[in-house]
Amino acid sequence: MSIVLGDNRYGKAENRVVRITKEGPVHQIKDLTVSVALSGDLDATHLTGDNSGVLPTDTMKNTCFAFAQRHGAVEIEDYALLLARHFVDSQPSIAHARVAVAEHPWERIAEGPHSFLRAGGGTRTCTVHYDGTAVWVVSGLKDLTVLNSTDSEFWGYVKDEYTTLVEADDRILATEIHAQWRHTGESGDWGKSYERAKNALLEAFVRTHSRSLQQTLFEMGTRVLEEVPELCEVRLKLPNKHHFRYDTAPFGLDNPNETFLAADRPYGLIEGDVRRDDAPDAGPAWT
Ligand SMILES: O=c1[nH]c(=O)c2[nH]c(=O)[nH]c2[nH]1
């Protein structure tokens, strides 16, 4: 009996590529998940540890971002064709490339030239508490993902011996909104107040020139309380969905905040309550 190597392939899976196209103040977004798998004459690396035919998966990742920057917001089929041809035609050891691209749709948030809402997201929620006497109605929404492709800064923070974060005067700000709001009364037009609270959250996200997600959180909560007087308190949980500008300088490409790596974890998690100073005691309503 002898043992032989069967089918094999290797690559970089699920590169999260975000490409912003800027036409003056009006931005477009292309949000992709790109997986590359290459195969060919790769026996040596498996059988003897000879890596001379191995294009590193890290290089495949760089290529995905470099091609997004170089070719812009092309159709995903054209982008995948460019990548697949590149890997096979440039690498003698590679005979076959599989490039799979998923495009995640975003909608523009009303009037915002650089504000987007991830399509299909957002779940309306409510929790009611009743103890035989008092009633609390807490409404809300979750999983509503929004993104501003500019008008966000983060600088002036504490720096200690472990700080490597570079100050940003223009970054992407993206979050998945989880919000709950407490009604003062126990009856009302719940549907209407939901629409007004949701619109207030989105309006504040779009209109705030953000110095931090914490500042945006307070603006969002404040706008809800201003627009929906029957509410007394808003609780927000906002994960900071980090988008890192990809450094394409090593490939001879300028990247003026157009191509980003969308990281899923770890993420900053910004949480806070915003309330009227005359809000009645919540009792168990938040538990
Ligand atoms: O808006 C932000 N708030 C922070 O507290 C923080 N921390 C960080 O690393 N990035 C950010 N961004």
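Seven names make up the surroundings of the ligand in this predicted model: F154, L165, R171, S212, L213, Q214 and N240. Sorted by class, that shell comes out as three nonpolar, three polar and one charged residues. The ligand's spot is also the largest pocket, and the chain around it is assigned two stretches, domain 1 (15-104) and domain 2 (107-275).

**Polar contacts to the ligand**
- R171 puts a side-chain N or O atom 2.8 Å from an oxygen atom of the ligand.
- Q214 goes for a nitrogen atom of the ligand instead, with a polar side-chain atom 2.9 Å away from that nitrogen.
- N240 also has a polar side-chain atom facing a ligand nitrogen, here at 3.3 Å.
- On its own the ligand would expose 290 Å², and the protein buries 71% of that.

**Who else is in the shell**
- F154, L165 and L213 are among the residues around the ligand, and the shell counts three nonpolar members.
- S212 is on the list of surrounding residues too, along with Q214 and N240.
- As for the pocket itself, the space that the ligand takes up is the largest one.

**Domain layout**
- The domain assignment runs domain 1 over 15-104 and domain 2 over 107-275.
- Measure between C-alpha centres and you get 32 Å from domain 1 to domain 2.
- Where the two domains touch, domain 1 brings 20 residues to the contact and domain 2 brings 24 residues.

How values were computed:
Residues are numbered from 1 along each chain as its sequence is written. This is a predicted model: local features need pLDDT of at least 70, side-chain atom pairs count only at pLDDT 80 or more; totals for chains, interfaces and linings use all residues. Side-chain values use heavy atoms; hydrogens and water are left out. A residue is near a molecule or strand if one of its heavy atoms lies within 4 Å of it. A polar contact is a pair of N or O atoms within 3.5 Å; within protein, one must be able to donate a hydrogen and the other to accept it, and residues adjacent in sequence count only if both atoms are side-chain atoms. Accessible areas come from the Shrake-Rupley method with a 1.4 Å probe; for residues, only the protein chains shown count as cover. On a 1 Å grid over the protein atoms alone, a cavity is a set of points where a 1.4 Å probe fits but cannot get out, and a pocket is an open set with protein on both sides within 12 Å along at least five of seven lines; lining residues have an atom within 4 Å of a point. A molecule sits in a cavity or pocket if more than half of its atoms lie within 2 Å of its grid points. Ala, Val, Leu, Ile, Met, Phe, Trp, Tyr, Cys and Pro count as nonpolar, Asp, Glu, Lys and Arg as charged, and the others, Gly among them, as polar. Domain bounds come from an automatic or database domain assignment. Contact means heavy atoms within 4.5 Å.
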